[in-house]
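Here are a few exercises to work through with the model open beside you. Try each task before reading its solution.

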Amino acid sequence: MVGWGIRPYFTTFDVNDAVIHDVQFGTDQSTVHSYRAFKSPWTAYPKTIPSFVMTNGSVPEAYVSWNGATEVSTWRVLGGATPTDLVELSSNLRLGFETKLNVSVATEFVAVAAYDALVSPLVLHLRNPLD
């Protein structure tokens with residue numbers, strides 16, 4: 001990581017020296033000044049629930065994201081006739097900001113569950129897909 005002195009910029013690089021992030025906070029004309037840039041490990045668990053949308057095509061698809069969540073490694077779509085009778089319909093590794101999951105059947109109730117790398121549940125979001 002390179003901090004660009006008093007300028008409100010920093011740049012991070014990968015192991016091959018390719019730029020990963022080129023960040024500017026404030027403008028050159030602003031009164032924002034920074035002379036240090038730090039990189040630290042951090043985790044985030046949003047106070048919001050995950051967002052998801054189900055499509056109504058011939059093969060239903062779920063699109064799910066949880067803005068700011070850093071620990072999600074796997075998403076699962078659950079479905080059933082009642083909220084207490086859910087079974088797994090699909091699962092997929094988290095693929096960036098939004099993950100697509102193919103769902104084999106349409107059900108009355110649908111939920112998405114986020115799991116971390118240890119396969120511990122992080123959150124469950126249940127809803128009626130017609131909402």
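A residue is called buried when its relative accessible area is under 20%. Keep in mind throughout that this is a predicted model.

**Exercise 1. How many residues of strand β6 are buried?**

Step 1: Locate β6, which spans residues 74–80.
Step 2: Apply the cut-off of under 20% relative accessible area to its residues.
Step 3: Six of the seven residues pass, so by this definition the strand is mostly covered.

**Exercise 2. Which strands does β6 join, and in what sense do they run?**

Step 1: Look at β7, residues 87–93: six bridges join this strand to β6, and the two run antiparallel. In one of these pairings, Thr74 has Leu93 as its bridge partner.
Step 2: Check the connection between β6 and β7. They form a hairpin, with six residues between them.
Step 3: Turn to β9, residues 109–115. Seven bridges link this strand to β6, again in an antiparallel arrangement. Here the bridge partner of Arg76 is Ala113.

**Exercise 3. Find the residues with the most contacts inside the largest nonpolar core, and the strand that gives the core its largest share.**

Step 1: The core has 16 residues, and Trp66, Trp75 and Val77 have the most contacts inside it.
Step 2: Now consider which strands contribute. At least two core residues come from each of β4 (51–54), β5 (61–65), β6 and β9.
Step 3: The largest share is that of β9, with three residues.
Step 4: For a closer look, select Val77 and leave out residues up to four places away in sequence. Its contacts then include Ala62, Leu89, Leu101, Val103 and Val112. Glu88 and Ser90 are also among the residues that Val77 touches.

**Exercise 4. Work out the strand order of the open three-stranded sheet, then describe its hairpin.**

Step 1: The order is β1-β2-β3, with antiparallel pairing.
Step 2: Identify the edges. These are β1 (2–3) and β3 (19–24), each of which pairs on one side only.
Step 3: Count the bridges between β2 (residues 9–13) and β3: there are five, in the antiparallel sense.
Step 4: Follow individual partners across to β3. Phe13 is matched with Val19, and Thr12 with His21.
Step 5: Finish at the turn. The hairpin of β2 and β3 has five residues between its strands, and Asp17 in the turn has a positive phi of about 65 degrees.

Conventions
Residues numbered from 1 in each chain as written. Predicted model: local features only at pLDDT ≥ 70, side-chain atom pairs only at ≥ 80, totals over all residues. Heavy atoms only, no water. Pairing = 2+ DSSP bridges. Helix = DSSP H or I, 4+ residues; strand = E, 2+ residues; numbered from the N terminus. Buried < 20%, exposed > 50% of the residue type's maximum accessible area, 1.4 Å probe, protein only. Core = buried A, V, L, I, M, F, W, Y, C linked by side-chain atoms within 4.5 Å. Contact = heavy atoms within 4.5 Å.
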